[in-house]
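Me: I am new to this structure and would like to know how the words used to describe it are earned. Please take me through the terms one by one, setting each value against its definition.

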Amino acid sequence: MKKQFLAGIVLVSSLTIAGCSFSIGGNSDDTKSSNSDSKSESTSNKSNRDSNNEQSGDTKDNGNESGIKDESNITEQQSIAMAMLEPSIESDIVTGDELLSGKYTRTSGAGEKQEQQVDTLELSESPELNKMKNKPDGMKFYGLSESKGSYATIIGVNKEEVVYIMTQSAIFDFNEVKNSETSKTLNISDLYSKYKDNRKVANIANKIEYGDPMPSNNEDTSNVDTNSNEYYAKVWLTALPSYRDSGDSEMDAELEHQNIEGDLLNPYNEENTVKYPKGVQRLAGTPTAAGQVVYKNNGDGTISIYDVPSHFHDERWLEDDDYSQRKSEDIINNPKVVKLYNASNDEMEQTVEMFDGSNSNDDSDSDDSSEKVTRENVIDKVESYEGSTLDTDTYTYKEPEKTDDGKWGFSFEDKEGNLAGSYIIDDDGEVTEYDEDGDKVGSGY
C-alpha cells in the first residue's frame, strides 16, 4: 500500500525500487583443516574484527565493510545511512539502529509517546522543495516517510552535505532554516571518516528506498484571493468537516474573519503566553458553539491549523503560569498542516452565506460581548461561553435572576437535587463559572 507524507507542501505517494544487497563475511578455504588450524583462523578473524572495531569508533557490529568503495563514490542512500548513525541528531530523526530494529518512538505535540513500526524509509523527491531559494548547489530535497514528532522531516543531499529539516510549514528560502534549531547539517567527509568501516551503513542503505516523486503542486495560488469569503468558506470546510453537506438547519451560524497576527494566544495571562506569528487568521462563529478555526495560509494549497481553545475554561490557563506558557508554545509550535478541501459548489454557496461580507479586525456592534444582557439572552451568553447548549439531561438549571449590582446569575443542580455549580454574567456578557463550593472554575465570553 502506498504511504502518504505531508511536508507542509504536498502529499507523498510512494513506489519502492530495489536497492543493492551486500553479502559480507569471512571465507573458509579449507573446510577439512585440522582443529589447530581452525582455532588459529578463528583467532585471526577475531583479531581482524577487533581492529575494525577500533577504526569505526564506539559503534557495535563494525567488523565488516560499509559497502562504500571510496569517498568519491558515495550514493545518496549511503550518505543518509551514515547520517542516521550520528548520535547528535538521534532525538530528531529515525535512527539507523531504529530502522534496523523495525520500530521507533514518535512523540506527539501533546507529549504522548507512541511506538511506531518501520520496515523501510522512503524518500520522495519534491518538485516544490527543490524550487527552494538559496539551497546548496546540487542539493536534492526529499520528504521522509517517517518522522519522530508532529512535524514533517525533510532531507537534503548533495556531494558535500546531508541536511535534515524538521518543519511544520512550507519552506521557500533555505536561508530561513539553515541556521535554525529546526535544521541539522552534517558533512559527508566527516561521516565517511567515522563510518566507512561500519557494516551497518550497508544494512541501513538497503532499507532506504525511493518512492514516487511528490506530485507538483499545479494549483495556481497566485490569483487566489485569500481575503475573500469564498476562501474563508474553503478554510472553514477544511477544518470543520461537520459542515460539509449540511442542511440549512445546521448552517444558521454567522461567521466572521479576523487577522490575529501579533495578538496574545492567552489574553487572560498576558505575561505567560505567546503572540500569534505573522499570517495567522481566525474564523469564528456566532454563537460560539458554531466553532472557530485559527489558521495560516501556506501559499501552496495547504493551511496550518492551530488547536487554540475557544474558551479558556481550565483554571490553569489563568493561574498556572508554567502551564499557560508551555501550552501556548505547544500550540504554536505544533500546527496541523492540511490540504485545502475541494468543496462542492453547494457546500461553498451554503458556507459563503454564513459570512456577512465584513472582514473586520475590530470590534463589531454585532459582537455578542457588546450586546446588552437581558433575561432573554442570558442563557445564550452562558451557552456561548460553554461552547455548547446547556446539559439539561444531567442538570436542572434555575431561573436566571438579576442581582443588586445589575449582573445576572443562576445556579444548577444534579438530578438528585445537589448544588453542582453556578454562573454570574456581567453587564458586558462575560460569564464566570463557579463550582458547588463557590470556587471559581473559569471565565470568558
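Reply: Let us start with the salt bridge, which is a side-chain nitrogen of Lys or Arg within 4 Å of a carboxyl oxygen of Asp or Glu. By that rule the structure holds 6 salt bridges. The model is a predicted one, in which local features need pLDDT of at least 70 and side-chain atom pairs count only at pLDDT 80 or more, while totals for chains, interfaces and linings use all residues. Residues are numbered from 1 along each chain as its sequence is written, and side-chain values use heavy atoms, with hydrogens and water left out.

Me: What makes Lys-194 and Glu-86 a salt bridge?

Reply: The closest N and O atoms of Lys-194 and Glu-86 are 2.9 Å apart, and the limit is 4 Å, so the pair qualifies. The two residues link distant parts of the chain, since Lys-194 belongs to helix H4 and Glu-86 to the loop between H2 and H3, 108 residues apart. Helices here are DSSP runs of H or I with at least four residues, strands are runs of E with at least two, and both are numbered from the N terminus. On that count there are 10 helices and 19 strands in the protein.

Me: How do you know whether Glu-86 is buried or exposed?

Reply: Buried means under 20% relative accessible area, exposed means over 50%, and partly exposed lies in between, with a 1.4 Å probe and protein chains only. Glu-86 has a relative accessible area of 13%, so it is buried, whereas its partner Lys-194, at 41%, is partly exposed. Of the 445 residues of the protein, 43% count as buried.

Me: Why are Asp-97 and Lys-200 called a salt bridge, and where in the chain do they lie?

Reply: Their side chains meet at 2.8 Å, N to O, and this pair too links distant parts of the chain, with Asp-97 in helix H3 and Lys-200 in helix H5 (residues 200–205), 103 residues apart. Asp-97 has 41% relative accessibility and therefore counts as partly exposed, while Lys-200, with 9%, is buried.

Me: What makes Glu-413 and Lys-398 a salt bridge?

Reply: Their closest N and O atoms are 3.6 Å apart, a value that can be set against the limit of 4 Å. Glu-413 is in strand S16 (residues 408–414), and Lys-398 is in the loop between strand S14 (395–397) and strand S15 (401–402), 15 residues away. Lys-398 is called partly exposed because its relative accessibility is 37%.

Me: Why does Asp-92 have no salt bridge?

Reply: The nearest side chain of opposite charge, that of Lys-184, is 4.3 Å away, and a salt bridge would need 4 Å, so the pair does not count. In this scheme Lys and Arg count as positive and Asp and Glu as negative, while His and the chain ends are not counted. Asp-92 is buried and lies in the loop between helix H2 (76–83) and helix H3 (96–101). Leaving aside neighbours within four places in sequence, Asp-92 is in contact, meaning heavy atoms within 4.5 Å, with Lys-148, Tyr-151, Met-166 and Lys-184.

Me: How are H2 and H4 oriented where they pack?

Reply: H2 and helix H4 (residues 188–195) pack at an angle of about 70 degrees, with their axes 10 Å apart. That makes H2 roughly perpendicular to H4, because angles of 65 to 115 degrees count as roughly perpendicular, those under 35 as roughly parallel, those over 145 as roughly antiparallel and the rest as oblique. The axes are lines fitted to C-alpha atoms, for helices over the stretch in contact, and angles run from 0 to 180 degrees between N-to-C directions. In this packing Ser-79, Met-82 and Ala-83 of H2 meet Ile-188, Leu-191, Tyr-192 and Tyr-195 of H4.

Me: What makes helix H6 (residues 229–239) largely enclosed?

Reply: In H6, 8 of the 11 residues are buried, so the helix is largely enclosed by the rest of the structure. Among these buried residues are Tyr-231, Tyr-232 and Trp-236, and what covers them includes S9, S10, strand S11 (292–297) and helix H9 (345–352).

Me: What is notable about the phi of Asn-134?

Reply: Most residues other than glycine have a negative phi. The phi of Asn-134 is near 60 degrees, a positive value in a residue other than glycine. Asn-134 is found in the loop between strand S3 (121–125) and strand S4 (140–144), and its relative accessible area of 47% makes it partly exposed.
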